[in-house]
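Thank you all for coming. I would like to walk you slowly through one protein, beginning with a helix and then moving outward to its neighbours.

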Amino acid sequence: MGSEMCIRDSSPVALHGLDALRQIDRSFNEKEFISGAKSAFEMILSAYAEGDLAQLRRLLGYELLQSFTSSIENRIAAKESLSITLDELREASILNISVIDQMASITMHFHSVQIRVAKDKNGEPIDSEDTGAREFTDIWTFERDLSLSDPNWKLTETESTDDDE
C-alpha cells in the first residue's frame, strides 16, 4: 500500500545573503542600493518632518505609511511642527538580506547626527533641553517584490535609538 510522503511546493522558499538575492535579481548592485538607501533616508526624514504624504506614499510600504500618516495627522491636529536636520550620515551599511518567495528584504543600519526639534502651537520647542545635535542609530528594512518589474524598494520597518540614552 505504498504510503508516500507528499512534499508541497507551496511552502515559502527562504534564502539569505547577497548571493541569494543575486540568484533571483542578477541586476542587483550593492553599492547602488546603499547609495539609494542613503538618499531615501534623507528624503523620508525630510518628508516625515514636513508632513509630505505624497512623497512618503512613494517611499513607504502600506503599513508603515499608515503609521507615519497617523503620527503626522496627530502633529497637525495639535498644531505642532517638527524639523529634522541631518547634519551627518556617518554610516550606512547592510545588516541582513533575505528573500522569501519573491519578496526581497534588506535591513540597513544608519548612524547619523541629527537635530530634531518639535515645536508647540506657539513655535516654542516642546523640550527646550533637546534642541541640539544628537547621534541616532536607525535600523530600517526595505522590501521589493522581485516578481514585479518595479525596481523601487519601499521602507517597511523602522527602529530608531537615540545614542545619548
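Which residue caps the N-terminal end of α2? If you look just ahead of the helix you will find Asn-29, and a side-chain oxygen of Asn-29 lies 3.0 Å from the backbone nitrogen of Lys-31. Before going further, I should say that this is a predicted model, so please take every value I quote as something computed from predicted coordinates.

Let us stay with α2 for a moment. The helix covers residues 30–50, which is 21 residues, and at 1.5 Å a residue it should span 30 Å; its end C-alpha atoms are indeed 30 Å apart, so expectation and model agree. For those of you checking the arithmetic, the expected span uses one less than the number of residues. Several residues of α2 are buried, among them Phe-33, Phe-41 and Tyr-48, together with alanines such as Ala-37 and Ala-40. Just after the helix comes Gly-51, which takes a positive phi of about 70 degrees.

Now let me step back to the whole chain. The protein has four helices and five strands, and from the N terminus on, the order of these elements is β-α-α-α-α-β-β-β-β. Of its 165 residues, 33% count as buried, while the protein exposes about 10400 Å², with carbon and sulfur atoms supplying 47% of that area. If we take the contacts between residues at least 6 apart in sequence, 62% of them join residues at least 24 apart.

The aromatic residues give us a good example of parts of the chain meeting. The structure holds nine aromatic pairs, and one of them is formed by Phe-110 and Trp-140, whose ring centres are 5.6 Å apart and whose planes stand at 70 degrees, so the pair is called edge-to-face, the cut-off for that name being an angle over 60 degrees. Phe-110 belongs to strand β3, residues 103–119, and Trp-140 to strand β4, residues 134–145, so this pair ties together parts that are 30 residues apart in sequence. Are these two residues buried or exposed? Phe-110 has a relative accessibility of 0% and therefore counts as buried, and Trp-140, with a relative accessible area of 3%, is buried as well. Both residues also belong to one aromatic cluster, which takes in Phe-28, Phe-33, Phe-41, Phe-142 and Trp-153 too. You may remember Phe-33 and Phe-41 from the list of buried residues of α2, so the helix we began with contributes to this cluster.

Aromatic rings here also have charged partners. The charged end of Arg-75 sits over the ring of Tyr-48, 5.0 Å from its centre, and the charged end of Arg-116 sits over the ring of Phe-136, 4.0 Å from its centre.

Let me turn to a pair of threonines. Thr-107 is found in strand β3 and Thr-141 in strand β4, and their side chains are joined by a polar contact of 3.2 Å. Thr-107 counts as buried at 14% relative accessibility, and Thr-141 is buried with a relative accessible area of 8%. Leaving aside residues up to four places away in sequence, Thr-107 touches several others, including Ser-93, Asn-96 and Trp-140, whereas the neighbours of Thr-141, counted in that way, include Ser-105, Lys-154 and Glu-157. The C-alpha atoms of Thr-141 and Thr-158 are separated by 6.5 Å, although these residues are 17 apart along the chain.

Finally, please look at the loops on either side of β2. Lys-79, in the loop between α4 and β2, has a phi near 60 degrees, which is a positive value in a residue other than glycine, and Lys-79 is exposed, with a relative accessible area of 56%. Asp-101, in the loop between β2 and β3, likewise has a positive phi, of about 55 degrees, although it is not a glycine, and Asp-101 counts as partly exposed at 43% relative accessibility. In helix α4 itself we find Ala-77, which is exposed at 61% relative accessible area. The C-alpha atoms of Ala-77 and Lys-121 lie 9.9 Å apart, with their positions 44 residues apart along the chain.

Conventions. Residues are numbered from 1 along each chain as its sequence is written. This is a predicted model: local features need pLDDT of at least 70, side-chain atom pairs count only at pLDDT 80 or more; totals for chains, interfaces and linings use all residues. Side-chain values use heavy atoms; hydrogens and water are left out. Rings of Phe, Tyr and Trp (its six-membered ring) pair if their centres lie within 6.5 Å; planes under 30 degrees apart count as stacked, over 60 as edge-to-face and the rest as tilted. Helices (H or I, at least four residues) and strands (E, at least two) are DSSP runs, numbered from the N terminus. Buried means under 20% relative accessible area, exposed over 50%, partly exposed in between (1.4 Å probe, protein chains only). A charge sits over a ring if NZ of Lys or CZ of Arg is within 6 Å of the ring centre and within 35 degrees of the ring normal. A polar contact is a pair of N or O atoms within 3.5 Å; within protein, one must be able to donate a hydrogen and the other to accept it, and residues adjacent in sequence count only if both atoms are side-chain atoms. Contact means heavy atoms within 4.5 Å. Accessible areas come from the Shrake-Rupley method with a 1.4 Å probe; for residues, only the protein chains shown count as cover.
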